[in-house]
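Subject: Structure for your review

Dear colleague,

Please find the structure below, together with its sequence. A short account of what was found in it follows.

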Amino acid sequence: MSSDWQNRVRRELARGRQATAEGNEGMARVCARRAAGWTVKAYLDTQGMQAEQPSALEQIKFLRAQGNLDDETREVLEHMILHLAKDAPDGESYWPLDANLLDEAQWLAGRLFPDFQTQ
């Protein structure tokens, strides 16, 4: 049986994929970050650790600062806290990475919880 955090992660990933299908990449990134935040919080709980602030962003930053992470996991966590860049010639904001945060959030759930299933 799935736990509550797993159900929330699955729902948020589905919302993000729907947002992508509708052309709303900003909302898709928000959904990915929420999914990653719930995953990280669940992981920290299993490790007996807790970030000072309960927000998804702070949970992600807290885990990223831990010294026992592999480079790939740390990189995915970095992607989750990255902001839009605003230095485009036309003054518009843009996403500076060629990375799909939804795929990375799903990967992170599987990395931290090898039994995590998206279905």
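Are helix 1 and helix 5 roughly parallel or roughly antiparallel to each other? The model is a predicted one, and in it the axes of helix 1 (residues 4–21) and helix 5 (residues 101–112) cross at roughly 165°. Angles over 145 degrees count as roughly antiparallel, and the two helices are therefore roughly antiparallel to each other. Their axes come within 10 Å, and the crossing of helix 1 with helix 5 is left-handed.

On the side of helix 1, the contact is made by L13, G16, R17 and T20, which meet L102, D103, A105 and Q106 of helix 5. Of these residues, three are nonpolar, three polar and two charged.

The second finding concerns aromatic rings, of which the structure holds three pairs. One of them joins W5 and F113 in a tilted arrangement, with 4.5 Å from centre to centre and 40° between the planes. This pair links distant parts of the chain, since W5 lies in helix 1 and F113 in the segment after helix 5, 108 residues apart. W5 is buried, with a relative accessible area of 12%, and F113 is likewise buried at 12%.

W5 also pairs with F116: the ring centres are 5.8 Å apart and the planes stand at 20°, so this pair is stacked. F116 is also in the segment after helix 5, 111 residues from W5, and counts as buried at 7% relative accessibility. Ring pairs link W5, Y43, F113 and F116 into a cluster.

Yours sincerely

Key
Residues are numbered from 1 along each chain as its sequence is written. This is a predicted model: local features need pLDDT of at least 70, side-chain atom pairs count only at pLDDT 80 or more; totals for chains, interfaces and linings use all residues. Side-chain values use heavy atoms; hydrogens and water are left out. Axes are lines fitted to C-alpha atoms, for helices over the stretch in contact, and angles run from 0 to 180 degrees between N-to-C directions. Helices (H or I, at least four residues) and strands (E, at least two) are DSSP runs, numbered from the N terminus. Angles under 35 degrees count as roughly parallel, over 145 as roughly antiparallel, 65 to 115 as roughly perpendicular and the rest as oblique. A crossing is left-handed if the near helix is turned anticlockwise from the far one by less than a right angle, and right-handed if clockwise. Contact means heavy atoms within 4.5 Å. Ala, Val, Leu, Ile, Met, Phe, Trp, Tyr, Cys and Pro count as nonpolar, Asp, Glu, Lys and Arg as charged, and the others, Gly among them, as polar. Rings of Phe, Tyr and Trp (its six-membered ring) pair if their centres lie within 6.5 Å; planes under 30 degrees apart count as stacked, over 60 as edge-to-face and the rest as tilted. Buried means under 20% relative accessible area, exposed over 50%, partly exposed in between (1.4 Å probe, protein chains only).
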